[in-house]
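Visitor: Could you take me on a close look at one part of this structure, the aromatic rings that gather together? I am in my first year, so please go step by step and then show me what lies around them.

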Amino acid sequence: MSADFWAGYISGAIGIIIGNPLDILKVRLQASPPPSPLPSPVLGGAALPTPAGSPTLQTHLRPWLTGTAAPVLGYGALNALLFVSYNRSESWLNTHLFPTTTPAATGSNLYTTFLAGALGGLATWVVSTPTELIKCRAQLSPSSSSWAITQHILRREGLRGVYFGGGVTAVRDSVGYGFYFWSYELTSRWMRDAAGGAAGGEAARVLLCGGLAGVVTWASIFPLDVIKTRVQTQNLGVDAAAAGGELAPLVGAQGRAGAEARDTKLPRLGAWDVARKTYAQGGIRSFFRGLAVCSVRAFIVNAVQWAVYEWIMLQLGQGRRTPQDPLSEVGSMGTVG
């Protein structure tokens with residue numbers, strides 16, 4: 001495996017562990033309808049169920065670690081695939097579309113940076129769609145594990161079921177990762193120009209540019225992410241019941257068999273129909289519910305993720321910075337995350 005594969009995998013897994021609590025809030029805000037006096041059928045009210053007995057550290061932490069297993073495994077692989085695809089795509093684009101007399105460095109052309117990021121995002125579709133589907137459903141059904149939800153989907157719908165919502169996910173990832181790498185390289189240039197070539201401050205630059213890239217990315221695709229979340233979590237009450245989740249009491253005394261029988265009759269809306277329904281429920285504001293929480297999470301997660309990625313690449317002898325622009329300060333951040 002290449003250096004960028006392992007750097008991408010490890011940095012992606014660390015980013016998910018750090019950002020999962022805020023990601024749970026984001027998904028719940030996106031999936032819930034506009035505020036009303038009645039409890040949401042998806043969330044079953046405002047509060048999470050509290051296990052009987054005295055609360056323990058595990059009791060307090062579990063709701064905020066819900067749905068972590070799928071993205072830690074899946075997003076690590078996704079991030080590895082993303083960086084490998086991005087680096088290879090940009091190298092090819094710089095060689096064939098914008099050839100120069102000398103080999104072009106990563107991020108040297110912002111046009112190819114955006115295109116390579118978009119191609120890298122599109123390549124992650126095969127991993128991101130099932131990962132996002134299982135993660136979102138696990139986060140909205142805290143008593144159902146990621147594995148139980150995966151088994152339920154495969155048993156009921158086969159492999160096709162875990163790729164439900166794949167179209168809107170592919171568009172979101174392609175556009176989003178194009179902006180992701182483009183904004184990281186652009187802000188890196190601005191900061192280097194502002195520093196006037198002065199040495200030092202590289203660790204702060206990586207953290208700040210990584211965080212800003214995350215915020216720019218999510219701001220550019222947030223309405224698409226809201227639609228994706230609602231597409232993948234529609235009919236969740238019945239699905240969770242059939243999988244033995246916490247929403248099972250909502251379907252009455254028939255239990256899992258009744259839930260599964262009814263589930264086959266429930267229609268599922270496509271991305272366009274979900275978008276129209278979302279707009280009808282709450283107008284344009286519905287497409288930006290959870291953006292503030294998401295922006296905070298995006299800055300923290302991507303600041304750490306880029307710092308870890310750059311540091312691992314440097315340790316593996318594949319640092320992409322020039323000798324005049326070392327990442328030695330990031331090397332001192334070995335315990336970051």
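Guide: Let's start with a cluster of rings: Phe83, Tyr86, Tyr177, Tyr180, Phe181, Tyr184, Trp306 and Tyr309 are linked by ring pairs. Please keep in mind that you are looking at a predicted model. The whole structure holds 15 aromatic pairs. One of them joins phenylalanine 83 and phenylalanine 181, with 5.4 Å from centre to centre and 85 degrees between the planes, an edge-to-face arrangement. This pair ties together distant parts of the chain, as phenylalanine 83 belongs to helix H3 and phenylalanine 181 to helix H7, 98 residues apart.

Are these two rings buried or exposed? Phenylalanine 83 has a relative accessibility of 1%, and because buried means under 20%, it counts as buried. Phenylalanine 181 is buried too, with a relative accessible area of 1%.

Now look at another pair in the cluster, tyrosine 180 and tryptophan 306. Their ring centres are 5.8 Å apart and their planes meet at 35 degrees, so this pair is tilted. It also links distant parts of the chain: tyrosine 180 sits in helix H7 and tryptophan 306 in helix H12, 126 residues apart. Both partners are buried, tyrosine 180 with a relative accessible area of 2% and tryptophan 306 with 1%.

One member of the cluster, Tyr177, leads us to the next stop. Tyr177 is among the residues that lie nearest the centre of the largest cavity, together with Tyr75, Arg172, Trp218 and Arg297. The search of the whole structure finds 2 cavities of 30 Å³ or more, and the largest cavity contains about 350 Å³ of space. Its lining is made by 22 residues. By class, 10 of the lining residues are nonpolar, 6 are polar and 6 are charged.

Which helices supply this lining? At least two residues each come from helix H1 (3-31), helix H3 (69-96), helix H5 (125-140), helix H7 (166-195), helix H8 (202-233) and helix H12 (291-315). Helix H7 gives the largest share, with 5 residues. You have met helix H7 already, as the home of phenylalanine 181 and tyrosine 180.

Helix H5, another contributor to the lining, deserves a short visit. Leucine 133 lies in this helix and is buried, with a relative accessible area of 0%. The C-alpha atom of leucine 133 is 8.0 Å from that of threonine 229, although 96 residues separate the two along the chain. Glutamine 139 is also in helix H5. At 0% relative accessibility, glutamine 139 counts as buried. Its C-alpha atom lies 7.8 Å from that of arginine 28, a residue 111 positions away in sequence.

For contrast, try two places in loops. Serine 108 is found in the loop between H3 and helix H4 (110-123). With 39% relative accessibility, serine 108 counts as partly exposed. From its C-alpha atom to that of asparagine 94 is 8.8 Å, with their positions 14 residues apart along the chain. Glutamine 318 lies in the loop between H12 and helix H13 (328-331), and its relative accessibility of 44% makes it partly exposed as well. The C-alpha atoms of glutamine 318 and serine 2 are separated by 9.5 Å, and the two residues are 316 apart along the chain.

One more ring is worth finding. The charged end of arginine 268 sits over the ring of phenylalanine 164, 4.7 Å from the ring centre.

Finally, step back to the whole chain. Its secondary structure comes to 13 helices and 0 strands, and buried residues make up 48% of the 337 residues. An unreviewed UniProt entry places the feature "transmembrane region" at residues 6-25, 64-86 and 106-127. In this model, residues 6-25 are 100% helix and 0% strand, with the end C-alpha atoms 29 Å apart.

Methods
Residues are numbered from 1 along each chain as its sequence is written. This is a predicted model: local features need pLDDT of at least 70, side-chain atom pairs count only at pLDDT 80 or more; totals for chains, interfaces and linings use all residues. Side-chain values use heavy atoms; hydrogens and water are left out. On a 1 Å grid over the protein atoms alone, a cavity is a set of points where a 1.4 Å probe fits but cannot get out, and a pocket is an open set with protein on both sides within 12 Å along at least five of seven lines; lining residues have an atom within 4 Å of a point. Grid points are joined across faces, edges and corners, and a volume is the space filled by probe spheres set on the points. Helices (H or I, at least four residues) and strands (E, at least two) are DSSP runs, numbered from the N terminus. Ala, Val, Leu, Ile, Met, Phe, Trp, Tyr, Cys and Pro count as nonpolar, Asp, Glu, Lys and Arg as charged, and the others, Gly among them, as polar. Rings of Phe, Tyr and Trp (its six-membered ring) pair if their centres lie within 6.5 Å; planes under 30 degrees apart count as stacked, over 60 as edge-to-face and the rest as tilted. Buried means under 20% relative accessible area, exposed over 50%, partly exposed in between (1.4 Å probe, protein chains only). A charge sits over a ring if NZ of Lys or CZ of Arg is within 6 Å of the ring centre and within 35 degrees of the ring normal. UniProt positions are given in the numbering used here, feature names are shortened, and annotations may be inferred rather than shown by experiment.
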